[in-house]
Amino acid sequence: MDVNYKILIGLILILTLFVNTAQAQKYGFLWSYETDWDVNSVSISSDGSYIAAGSEDSKVYLLDREGNLLWSYETLIKGDSVLSVSISSDGSYIAAGTGGIWSDEVRLLDRERNLLWSYETGGSVLSVSISSDGSYIAAGSDKVYLLDREGNLLWNKTTGGWVYSVSISSDGSYIAAGTGGIWGDKVCLFDKEGNLLWSYETGDDVRSVSISSDGSYIAAGSDDKVCLFDKEGNLLWSYETGGSVLSVSISSDGSYIAAGSDKVYLLDREGNLLWSDYEGSGVNSVSITPNGEYIAVGSYYKGYTRRGVVYLFASEHAVHVIIEEARNVILSEKSRGYNMQEAESLLTQAKNEFKAGDYSIANKLALKAKEKALQIAKQAELSKKAMEEARNTVLSEKNKGYNIHEAESLLSQAEEAFDAGDYKKAKEMAENAKALALDIDQDGVPNDSDFAPTIKNIYVYGAVAVLIIAFAGVGINIKRRKEYQAKVREYKAKYEQLKAEGFEPDEELEELLK
C-alpha cells in the first residue's frame, strides 16, 4: 500500500475519533442557587471560579464555583431589574445593566462589591459585555454604547432598533450587537472606533449575540434559531431549537456554542448538537467558559411562588479535573507521612459517583475530600508543633533536676497517637505534657516559682495553718495556767493568814490547795 495513502487513512481515523469524541461530550449538573425572582442574566469567569447573576429582584449576585454566595448587591431602587451582567476574565470586575421605572444605567462593580461608577443611558440597559481585562464595557439600550473602565463614553451608535444584546471581543477590538424592532432585526459588527463593519438581516428579533475571543466568530439567537457568522458577516449555519433562543454564548475559539431556549443546547463549531439538558421552567441566559468546560444558566421555575435559579453544568473532563485535584492534594499530604484515610474514603466515593454519572455528588465529595486532606494536614502540623514544644519543655525541666516522669509518659502517649493518625488527640496530650512538665505538682504555680514544687501548695498552706492553730492553742493554755497558779498562791496565803489568827486547820482544804 502506498505510504501517502496509509498516512491519509491514518489521518481520517484520527479525525473520525476526534469527531466521535466531540459528539460523545458529556455534561452534568453540579448545583443550583435560588434568587427571589427570575434570573435574567448570568456570566462566568474564564476558569469558572466566579459566576455573576442579575435578577428581577433588583440584585446582582456573585457566586463561587461551589455555588456559595459571596455577596449580593442591591440597586437600591425597588422595582428596577438587573437585566444583564458581564464579568471580566479573572472576576475582578462585574458590569451590570439595569432597567425599570427609575433607573436605566450601566454600573461597574469590583469583586469586593464596591460600586465604581454608573452611567445613565437613554433606556433600559438590556445587555452589557466587558472586555477580558475590564478596560472596555459595551452596552445595549436605545443605542450601542462603548465606555472605558472609568465610565467615560467613548462612542454610541444607533442601529435602527432596540439593541437587545451586545458582546465585546477579549481586547475590545470588536463589538457585536443584536437588534430588533420596526426598522430592522439585525446582527451588527462594529470596530473599536464605532465603525459599522457589517450587518446581517435575520427577519426576526436578535435577542442575543456572542463573539469569540479574537472576533473570528459571532453566534446569534434569533427566533428559534442559533446562527453562526464569521468575521466577514457570512452565515456559516443555523440550528433550530424547540423554542425562542433568548441567549447564546460562544467559547474563546468558537469551538463550542451554548444556547438557552426551551432547554440548554451545546453545539460545536460545525453546528452539530453535542449535548442538551435542563431541569427548570425556562432558560433566560447562558454563559460558557472560554474552554467550554463550564456552562452557567440563568432561569426561573414556577412553584408555589415563582423563583429565580442559577445552575452550573460541567463537562465530564471538568469534573475529572476536580477529582484529580483532590487526589493530588491527598497524595501530596500523604507523602509527608500524614494519615489520609478519611480523605481517601471520600475520594473513593467521589470516583464511584463519577462513574455512575452523578457529577453533582461526585463534585461535592471530591471537594470534601480535598478539604478534609487539608484539614488533616493542618491538624497534623499543629500536633507536630505541640509535641516539639512539649519535648523541649520536658528536657528543659528535667535538666533543672525536676522529676518529670509523668510528663514524659504523656508525651510518649501523644507520639503514639500521632503515629496512629489521631492528630487531635496527639495535640491535646502534648499540650497536657508541656503543662505538667512546667508545673509538676499541678498547683498552678510554675516549678521555678514554687518553694515546694513536688508538693501541692495547698497542702503546704494547710499544714502551716494547722501549726499556727496548734501554737495558738498552746499559747492560750500557758496563759490560763499562770492565772490559775496565781489564784492558788493567793488562796494559800489567805489560808496561812487564817491559821495564824487561830483558824482550825482543815485537812481536805489543805489537800485541795496542794
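How far apart are the end C-alpha atoms of helix α3 (residues 341-355), and what span should its 15 residues have? At 1.5 Å a residue, α3 should span 21 Å, and its end C-alpha atoms are 21 Å apart, so the two values agree. The model is a predicted one, and the helix is one part of a protein with 8 helices and 28 strands. The protein has 514 residues, and buried residues make up 46% of them. Among contacts with a separation of 6 or more, 46% are between residues 24 or more positions apart.

Helix α3 is a useful place to start. Its residues Ala343, Leu346, Leu347, Ala350 and Phe354 are buried. These residues are on the same side of α3, because they cover an arc of only 100° around the axis. The spacing follows a general rule: an α-helix has 3.6 residues a turn, so residues three or four places apart point the same way. The face turned away from the buried side of α3 carries Gln341, Glu342 and Lys355, which are exposed. What covers the buried residues of α3 includes two other helices, α2 (316-334) and α4 (359-399). After α3 comes Gly357, which has a positive phi near 90°.

Helix α2 can be read in the same manner. It has 19 residues, and the distance from its first C-alpha to its last is 27 Å, close to the 27 Å expected at 1.5 Å a residue. Its buried residues are Ala318, Val319, Ile322, Ile323, Ala326, Val329, Ile330 and Glu333. Because they cover an arc of only 145° around the axis, they lie on the same side of α2.

One buried residue of α2, Val319, leads to the interior of the protein. Leaving aside neighbours within four places in sequence, Val319 is in contact with Leu30, Ala314, Phe354, Tyr359 and Ala362. Of these, Phe354 is a buried residue of α3. Which residues touch the most other members of the largest nonpolar core? In this core of 57 residues, they are Leu30, Trp31, Ile51, Tyr294, Val310, Leu312 and Val319. Helix α4 supplies the largest share of the core, 13 residues. There is also a second, separate core of 15 residues, which includes Leu266, Val283, Ile295 and Tyr311.

Phe313 belongs to strand β28 (residues 306-315). Is Phe313 buried or exposed? Its relative accessible area is 0%, so it counts as buried. Not counting residues up to four places away in sequence, Phe313 touches Gly28, Phe29, Leu30, Trp275, Asp277, Glu293, Tyr294, Ile295 and Val297. Among these, Leu30 and Tyr294 are members of the largest nonpolar core, while Ile295 is in the second one. Phe313 and Ala296 are 17 residues apart along the chain, yet their C-alpha atoms are separated by 6.3 Å.

The strands also form sheets. One is an open sheet of 4 strands in the order β22-β23-β24-β25, with antiparallel pairing. Its edge strands are β22 and β25 (273-277), each of which pairs on one side only. On average, neighbouring strands of this sheet are turned by 15° against each other, direction ignored. In a regular strand the side chains alternate between the two faces of the sheet. Strand β22 (residues 247-250) has Ser247 and Ser249 on one side and Val248 and Ile250 on the other; all are buried, and both faces are covered.

Strands β22 and β23 (residues 256-260) run antiparallel and are joined by 4 bridges, with Ile250 and Ile257 as bridge partners. In the hairpin they form, 5 residues lie between the strands, and Gly254 takes a positive phi near 85°. On the next step across the sheet, β23 and β24 (residues 264-268) pair in the antiparallel sense over 5 bridges. There, Ala259 stands opposite Tyr265 in β24.

Another open sheet of 4 strands has the order β14-β15-β16-β17, again with antiparallel pairing. Here β14 (162-168) and β17 (196-201) are the edge strands, each pairing on one side only. The average turn between neighbouring strands of this sheet is 20°, direction ignored. Strands β14 and β15 (residues 174-180) pair in the antiparallel sense over 6 bridges, and the bridge partner of Ser165 in β15 is Gly178.

Note on methods:
Residues are numbered from 1 along each chain as its sequence is written. This is a predicted model: local features need pLDDT of at least 70, side-chain atom pairs count only at pLDDT 80 or more; totals for chains, interfaces and linings use all residues. Side-chain values use heavy atoms; hydrogens and water are left out. Buried means under 20% relative accessible area, exposed over 50%, partly exposed in between (1.4 Å probe, protein chains only). Contact means heavy atoms within 4.5 Å. The expected span of a helix is 1.5 Å times one less than its number of residues. The arc is that of the directions from the helix axis to the C-beta atoms. Two strands pair if DSSP finds at least two bridges between them. Axes are lines fitted to C-alpha atoms, for helices over the stretch in contact, and angles run from 0 to 180 degrees between N-to-C directions. A nonpolar core is a set of buried Ala, Val, Leu, Ile, Met, Phe, Trp, Tyr and Cys residues joined through side-chain atoms within 4.5 Å.
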